[in-house]
Amino acid sequence: MVTTITPVVHGRRRSRYTVSVLLHALGATLSAAALGALLGGAGRALGAPWGLAGAGALAAVALLYAAREWLGAPVPVPERRAQVPDWWRTFYSPPTSAFLYGLGLGFGFLTHMGHGTFAAVAAVALASGDALLGAALCGPFGLVRGLSVVVGRLGGAETEGAGELAALERLAGGPGARVANGLALSWLALASAAAL
């Protein structure tokens, strides 16, 4: 997927590359927001918000994933250990396939997830019982995931495609990512516990 969204695929025209990156980020943001809206709506159908019980459950989820980040606790992340379909890049134009790849990645749980932070945010969207709030909570995940192709280039990729993918993996698995996710999850656990 990353090999589709590189300047080399778009020739010498930087504007084509920029359009593909923006379409990729747009697709990821739209699908993440749609997932958040679905979760918020499902929560509403299930009677959310759930008061103290909901706050306790959110604190527990955030605490578990914080323990995963800080201590290496074996807490599974809901994911599908696959990526988006490779054939899209050969069948569709680079901008179209970039948008479709963004749509696939924005749903989060349908692809590989290295951290459990989105699972905790999705739990908040569900517990909110509000589709609009769910979309607002999950949409930024898609935006950041969509723009990660640029971060891979800035993260020291020496070659197109494979180098960018290696740079992304290095950044996502590094101590900085663990600390950032651990801090976010710890804050969510404390905020949820404060509501008890």
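**Group meeting talk: an eight-helix chain**

Glycine 146 counts as buried, at 0% relative accessibility. I start with that residue and work outwards from there. Before going on, I should say that this is a predicted model.

Glycine 146 is part of helix 6, which covers residues 131–154. What does glycine 146 touch, once residues up to four places away in sequence are set aside? The list is His24, Ala25 and Ala28. For alanine 25, the C-alpha to C-alpha distance to glycine 146 is 3.9 Å, while the two are 121 residues apart in sequence.

Now the chain as a whole. It has eight helices and zero strands, so in the order of elements from the N terminus you read α eight times over, α-α-α-α-α-α-α-α. Of its 196 residues, 42% count as buried. If you take contacts between residues at least 6 apart in sequence, 74% of them join residues at least 24 apart. The accessible surface is about 10100 Å², and carbon and sulfur atoms account for 71% of that.

Next, the nonpolar interior. The largest nonpolar core has 21 residues. Those with the most contacts inside it are Leu39, Leu58, Tyr65, Phe118, Leu185 and Leu188. Which elements supply at least two residues each to this core? They are helix 1, at residues 14–45, helix 2, helix 5, at residues 117–128, and helix 8. Helix 5 gives the largest share, with eight residues. There is also a second, separate core of five residues, and Trp88, Leu100, Tyr101 and Leu105 are among them.

Tyrosine 65, one of the well-connected residues in the largest core, is worth a look with its neighbours displayed. Apart from residues up to four places away in sequence, tyrosine 65 touches Val75, Pro76, Val77, Pro78, Gly116, Ala119 and Leu185.

Leu185 comes up again with threonine 117. Threonine 117 belongs to helix 5 and is buried, with a relative accessible area of 16%. Beyond its neighbours within four places in sequence, threonine 117 is in contact with Asn181 and Leu185. With asparagine 181 there is also a polar contact between the two side chains, at 2.4 Å.

On to charges. How many salt bridges are there? The count is two, and glutamate 69 takes part in both, since the two bridges link Arg68, Glu69 and Arg178 in a network. One bridge joins the side chains of arginine 68 and glutamate 69, at 3.9 Å from N to O. The cut-off for a salt bridge is 4 Å, so keep that in mind when reading the 3.9 Å value. The other bridge joins arginine 178 to glutamate 69 at 3.2 Å, N to O. Arginine 178 lies in helix 8, residues 175–194, and glutamate 69 in helix 2, residues 51–71, so this pair ties together parts that are 109 residues apart in sequence.

Are the three residues buried or exposed? Glutamate 69 is buried, with a relative accessible area of 4%. Arginine 68 counts as buried too, at 18% relative accessibility, and the limit for that label is under 20%. Arginine 178 counts as partly exposed, at 34%.

Helix 2 and helix 8 also meet our next item, a nonpolar patch on the surface. This patch is made by Trp70, Leu71, Val179 and Leu183 and comes to about 430 Å². Helix 2 and helix 8 are the elements that give two or more residues to the patch. Tryptophan 70 lies in helix 2 and counts as partly exposed, at 42% relative accessibility.

The last item is a backbone feature. Most peptide bonds are trans. The bond from alanine 48 to proline 49 is cis, with omega near 5 degrees. Where is proline 49 placed? Proline 49 sits in the loop between helix 1 and helix 2.

To recap, then. The chain has eight helices and zero strands. Its largest nonpolar core has 21 residues, with the largest share coming from helix 5. Arg68, Glu69 and Arg178 form a salt-bridge network, and the cis peptide bond from alanine 48 to proline 49 is the feature I ended on. That is what I had to show.

Methods
Residues numbered from 1 in each chain as written. Predicted model: local features only at pLDDT ≥ 70, side-chain atom pairs only at ≥ 80, totals over all residues. Heavy atoms only, no water. Helix = DSSP H or I, 4+ residues; strand = E, 2+ residues; numbered from the N terminus. Buried < 20%, exposed > 50% of the residue type's maximum accessible area, 1.4 Å probe, protein only. Contact = heavy atoms within 4.5 Å. Areas by Shrake-Rupley, 256 points an atom, 1.4 Å probe, with all protein chains shown as cover. Core = buried A, V, L, I, M, F, W, Y, C linked by side-chain atoms within 4.5 Å. Polar contact = N/O pair within 3.5 Å; in protein donor to acceptor, adjacent residues only side chain to side chain. Patch = residues over 30% accessible without salt bridge, like charges linked within 9 Å, V, L, I, M, F, W, Y side chains within 5 Å.
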